[in-house]
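Visitor: I am new to this structure and would like to know the reasons behind the words people use for it. Could you take me through a few of them?

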Amino acid sequence: MCPNSQSQRSPYIIGTAIRNIDQLFGRENLLRTIADSLQQDAKFILLHGQRRIGKSSVLQNIHHFVSPDEFVFVSCDFQEHGHATLGQILYAIAKEIFEHLNLDQNILNPLLDLSADFRSIRRIVNNRILPPIDEALNNKKLVLLLDEFDVVNQNDTEQAVEFLRFLENLVRQQEYLFVIAVVGRYLNAMPNLVQSFRGAPFYEIGLLDNNDAKRLITQPADKILEYQEKTIAEILKVSSGHPFCTQVLCHEIFQLVRNQNNPTNPTIVVPNYVVEVIPDAIESSGGGLDSIWKGLSISEKVVILAVAEAQNSHTIQNPLKLLESYGLVLTNSLQEAIQLLIDKGFLDSNPVKIKVELVRIWLLQRHPLRDEIRSLEILEEENVNQLLFVARSCWMGDKQQQDAALAIYEQALKLNPNHFSTILELAEKHLQLENFDKALKLYDRVDKLDRIGYQEEFIKALDRYGHWLITQRNYIAAKQQYEKILQIQRENSLAQNKLAEIKAYQNNNNNKANLIQQVLRLPILLISLGLIGGSVSLIFGILLANSCPAGQEKNLGIFCINSLKISSGDRTLFPDIKNSDRDKGIQSFKNRNYKEAEDYFKKAFADKNNRPDPEVLIYQNNARAIQQGNPLTLAAIVPATNITDSALERLRGIAQAQNQFNQGGGLNSRLLEIVIGDDNNNEDTAKRVAEELVKDKSILGVIGHGSSDATIAALPTYTSANLAIISPTSTSTQFPKQVFFRAINSNKVTGKNLAEYAWKQNLKKVIIFCNPKDSYSNTMREEFRINFMANLGAEIVDGGETCIHHNLADPNFNVDREVQDIFRNQNPAQAIVLFPDTQHLEIAGKIAKAHKDLIDTLQRTGSNIQKLKLIGGDVLYNNEFLNQYSDALEGLVLSTPWFPEAPKSKEFAQKAKAQWRGDVNWRTATSFDATQAFIESFKLSPNPSQKTVLKNLPQVKLSSKNTSGEELVFDKNTREMKREEIPIMVKNGKFVVIAEPN
């Protein structure tokens, strides 16, 4: 019986040199030839070939073909001696000889003296080292087997030349000394080595022929595996007789059979097995094939990858034409690389293709062509960078200097026509100067290289050209630019809107022309009455006076265009905040110079003259995350335009969480990127921002929106895309739960707490001011009303059913009259309850002020009337609002989800205060928690996606140490993070915690 394959170790050898002659196939003739050369006193023999072709195995088996009575073989591997001194190299060789001959190695120590010069070393070798070797050999010949010999000569340094000369003289002077050296580099690239070995026999170690390869496949496992002829043919098709690749494939086939525990003896190996093991063979051969890869120049790497990719098609393409399709200029080094690769044995010449299919598959999997093309920028790097430095300096000058800068950019591209970052930079400069033809040609080149990475840059250039053409009223050419954008991005909303605008321009022009014709045809009576001027003015006034819908703005004073503001670093959403370093960072970010952008943003954030800007810290982290590669991306939506302070409060929490995560190394070296969107606190804008965000599948979740109405408007879009959203501030009770979570209590909790507080204060009648059309304001009113009236039996003026009589959004709302009406009632309210939406915060402040002014006036006239209690929603917890109306708001009671002075909040509050050099409020805390929840959801899956994030969020659990103070767990039914509401009061112009009455 044959032994069961389960108990057998693989007989195929990968990763090490073969030392057993019975396991070495196809090298017998070569070994006999080398032995004959030694017998004929060939003092130098050079073996060369590709890496992993089996050179070391040949070296280790030469001794089997000569008499041991005549030759002594000593091996020395030069792999570790690439940067050694001459003395250290000779010490390594001598040490191997002395060990083999059992000589005293202390004799060698002087070689390690780093101060020893060439003459001293030669004297040490001749006087101390050679005599004991000569005596120990006892008339035998010493053959030095020098593996990886080219490592010493890899840079053709003066020391390498010196060593070669020394070795050449030594061998020629010592009759008993012979050298067989193995090199893995192309011989023409080592002129000094070839010169030293002049006249010596050179033997190439190449691929095995079919017969020898067949023996390598079948003989090692002949009692275990039975290979069908078709299987052998399939293996040779993949390995081409490359011994390493053949061994790897057979090893994996053996492993496959062993794992199947096939009872038949021997196991028949069918062709399908070869296809099945290729992925494992690729994995197993990675280290070996990588050594081949590292031996290639940059140009050779690009070309061999182009050949590999060209072979993918049914008919082999011209690899150089393929490179041109990627936007490359075919330099001499690229064109010459094909012949070099043929000479080195990597490629067949007719047609040009990679000889070893396994190598080709490995290249395609491990080294994408687009990535390697970028490495071409290393060529002439120092000279190009010097020119770029000068060009950038000139660009800051006047028009003449800018022209000089363009010429210098062109000079840099002559040195390296494939320096794509320079191409992109030059394209941007031409675009700024409105040299559109030149700019677009350059953008087209970078777009060919990376249609995803440079796509947005190309689209922006086409848009800018299209916009310029519109201003020139060249609508046909403008239309062509936006149609090109749609060819790049079929669903691009910007291009769609612009094409619609162009159509509108054309229709408008036609209408204007028709209108003018009609005016000109008006009866002569209008002219005689002097009415024609007024008529024309009226007509064109109507054309220009129409306002734009929400979320759009006038273009050329006439037409409405998309004004969405979404940025990860290429624009600021807070232009009123001035910071020159931030603006420089934004420009660098636009130019894709992310390292420079990161440095500018870091400097901008550290500006001691202003409070740290969270937008800048986010952009700094984004630049770093993009450099690191494959970032984890979230979107954060804030009302940057309309409610700047509130937007910054939210961004502080988001930026703090992002920075903390990235400083900790991220997740599996992936850092967090935050895309910031501005919804203007407007429902239509919020919806359009959401529609834009869901197009980007790299966005894993959304933090936002600011208001409940904006959230309600955007939610259907997120729901249809299954994109998770966590709101840190929206508290309405009207949200569907499919994708919606929140890091805050709903109005149901807050309204109940405020109603109970009012009751405990013995307040039995109140008046509520709200906006019945706003979701937050109206649901807060409703939750307070239900608990105050139905559950506690108290009274609300006008029933509080809809605030219809106390509507803050009513255009006829009169603050003074409303306040005075409270006191005209014989049984007046005891408290004013303010539940404004963010748009009507100012009116709420005016009510408080009118109330205080009226009480002060009445008390001055001797009235005993007392000031009413003030109760409000958490939207009033706003320091800017408090500073503006501090006297009027004295005594105002709120219920807030977080407060810095609360015991649970202090630790986070102190960290945040240090980070932002000032106090923070609940919006910062809840925004931090929302971001932390997303980060934790990432950690629950090995490769986060939109789908896994949505699935993982209900499982998130964070301790209070990792949040702003409360344990974070989403309620299974409400999807809310449960928080302990904190009652606070305005006292002496500040918010302070108050103790509820028993």
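Visitor: How many aromatic pairs does the count come to?

Guide: The count comes to 21 aromatic pairs in this predicted model.

Visitor: Why is the pair of phenylalanine 601 and tyrosine 619 called tilted?

Guide: Two rings pair if their centres lie within 6.5 Å, and here the centres are 5.7 Å apart. Planes under 30 degrees apart would be stacked and planes over 60 edge-to-face; these planes stand at 55°, so the pair is tilted.

Visitor: What makes this a link between distant parts of the chain?

Guide: Phenylalanine 601 belongs to helix 27 (residues 594-605) and tyrosine 619 to helix 28 (residues 614-628), with the two 18 residues apart.

Visitor: How do you know whether phenylalanine 601 is buried or exposed?

Guide: Buried means under 20% relative accessible area. Phenylalanine 601 has 0%, so it is buried. Tyrosine 619 also has a value of 0%, and therefore it is buried too.

Visitor: What kind of aromatic pair do phenylalanine 881 and tyrosine 885 form?

Guide: A tilted one, with 5.5 Å from centre to centre and 50° between the planes. Phenylalanine 881 and tyrosine 885 are both buried.

Visitor: Which residues form one aromatic cluster with Phe178?

Guide: Phe71 and Phe73 join Phe178 in that cluster. Phenylalanine 178 also has lysine 43 over its face, 4.6 Å from the ring centre; the cut-off for such a distance is 6 Å.

Visitor: Why is strand 4 called largely enclosed by the rest of the structure?

Guide: Strand 4 spans residues 177-183, and seven of its seven residues are buried, which is why we call it largely enclosed. Leu177, Val179, Ala181 and Val183 are buried on one side, and Phe178, Ile180 and Val182 are buried on the other.

Visitor: What makes strand 1 and strand 4 a pair?

Guide: Pairing takes at least two bridges, and strand 1 (residues 44-48) shares five with strand 4, in the parallel sense. Phenylalanine 44, for instance, has valine 179 as its bridge partner. Strand 3 (residues 141-147) likewise pairs with strand 4 in the parallel sense over five bridges, and leucine 142 stands opposite leucine 177.

Visitor: What is the mean pLDDT of the protein?

Guide: The mean is 86, and 90% of the residues reach 70 or more. Over residues 519-545, though, the pLDDT is below 50. Where pLDDT is low, the predicted coordinates should not be read in detail.

Definitions and conventions: Residues numbered from 1 in each chain as written. Predicted model: local features only at pLDDT ≥ 70, side-chain atom pairs only at ≥ 80, totals over all residues. Heavy atoms only, no water. pLDDT = per-residue confidence, 0-100. Contact = heavy atoms within 4.5 Å. Phe/Tyr/Trp six-rings, centres within 6.5 Å; stacked < 30°, edge-to-face > 60°. Helix = DSSP H or I, 4+ residues; strand = E, 2+ residues; numbered from the N terminus. Buried < 20%, exposed > 50% of the residue type's maximum accessible area, 1.4 Å probe, protein only. Lys NZ or Arg CZ within 6 Å of the ring centre and 35° of its normal.
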